[in-house]
Amino acid sequence: MTNKLHILANGCSNTYGAGLVNEELQRNIELRPWIEQESHRMAWPNQLAELLGTTKSTNLATSMSSNQRIIRTTLEWCLKQPRDLLDNTIAIIQWTHCTRY
């Protein structure tokens, strides 16, 4: 039996994985796609998914994200998913500071 569990995470820089990739590399614009992929790979949502025995995780977070963006992108993602995926999804939302609306 395969693990159907799916982790959905959204939030700001901490959830995105900011600071996990070498700061010198982050200055290179050509490396941006790789940096985003590596940041998400090393961030806590992916690590949690591995600890729970699943490789299925979605990290919607971005750096400097507002709470409005967090709720909007979470709802948009949920509305586009099939029911069977949603039934097996745990959503973890890391809200940013209340002044960052």
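1. A word on terms before we start: two residues are in contact when heavy atoms of theirs lie within 4.5 Å. With that in hand, residues 24 or more positions apart account for 71% of the contacts in the chain with a separation of 6 or more. Please keep in mind that this is a predicted model.

2. On the overall layout, the chain has six helices and three strands. Going along the sequence, you will meet them in the pattern β-α-α-α-α-β-α-α-β. The C-alpha trace spans about 45 × 35 × 20 Å along its principal axes.

3. Next, the surface and the interior. The chain has 101 residues, and 35% of them count as buried. Its exposed area comes to about 6,800 Å², with carbon and sulfur atoms supplying 56% of that. As for charge, there are 10 positive and 9 negative charges, and their mean positions are 6 Å apart.

4. L8 is a good residue to click on early. You will find L8 in strand β1, which covers residues 6-10. L8 counts as buried because its relative accessibility is 0%, and the cut-off for buried is under 20%. Leaving out residues up to four places away in sequence, L8 touches T58, L60, T74, W77, C78, T89, I90, A91 and I92. One of these partners, I92, is 84 residues from L8 in sequence, yet the two C-alpha atoms are 6.2 Å apart in space.

5. From L8 you can step across to T58, one of the residues that L8 touches. T58 belongs to strand β2, residues 57-59. Is T58 buried or exposed? T58 is buried, because its relative accessible area is 18% and the limit is under 20%. Again without residues up to four places away in sequence, the contacts of T58 are H6, I7, L8, A9 and W77. W77 also appears among the residues that L8 touches.

6. Finally, have a look at W95, in the segment after β3 (89-93). With a relative accessible area of 48%, W95 is partly exposed, since that class lies between the 20% limit for buried and the 50% limit for exposed. Which residues make a nonpolar surface patch together with W95? They are I71 and L75, and the patch made by I71, L75 and W95 has an area of about 310 Å².

How values were computed. Residues are numbered from 1 along each chain as its sequence is written. This is a predicted model: local features need pLDDT of at least 70, side-chain atom pairs count only at pLDDT 80 or more; totals for chains, interfaces and linings use all residues. Side-chain values use heavy atoms; hydrogens and water are left out. Helices (H or I, at least four residues) and strands (E, at least two) are DSSP runs, numbered from the N terminus. Buried means under 20% relative accessible area, exposed over 50%, partly exposed in between (1.4 Å probe, protein chains only). Accessible areas come from the Shrake-Rupley method with a 1.4 Å probe; for residues, only the protein chains shown count as cover. Lys and Arg count as positive and Asp and Glu as negative; His and the chain ends are not counted. The place of a charge is taken as NZ of Lys, CZ of Arg, CG of Asp or CD of Glu. Patches are made of residues with over 30% relative accessible area and no salt bridge: like charges are joined within 9 Å, nonpolar side chains (Val, Leu, Ile, Met, Phe, Trp, Tyr) within 5 Å. A salt bridge is a side-chain nitrogen of Lys or Arg within 4 Å of a carboxyl oxygen of Asp or Glu.
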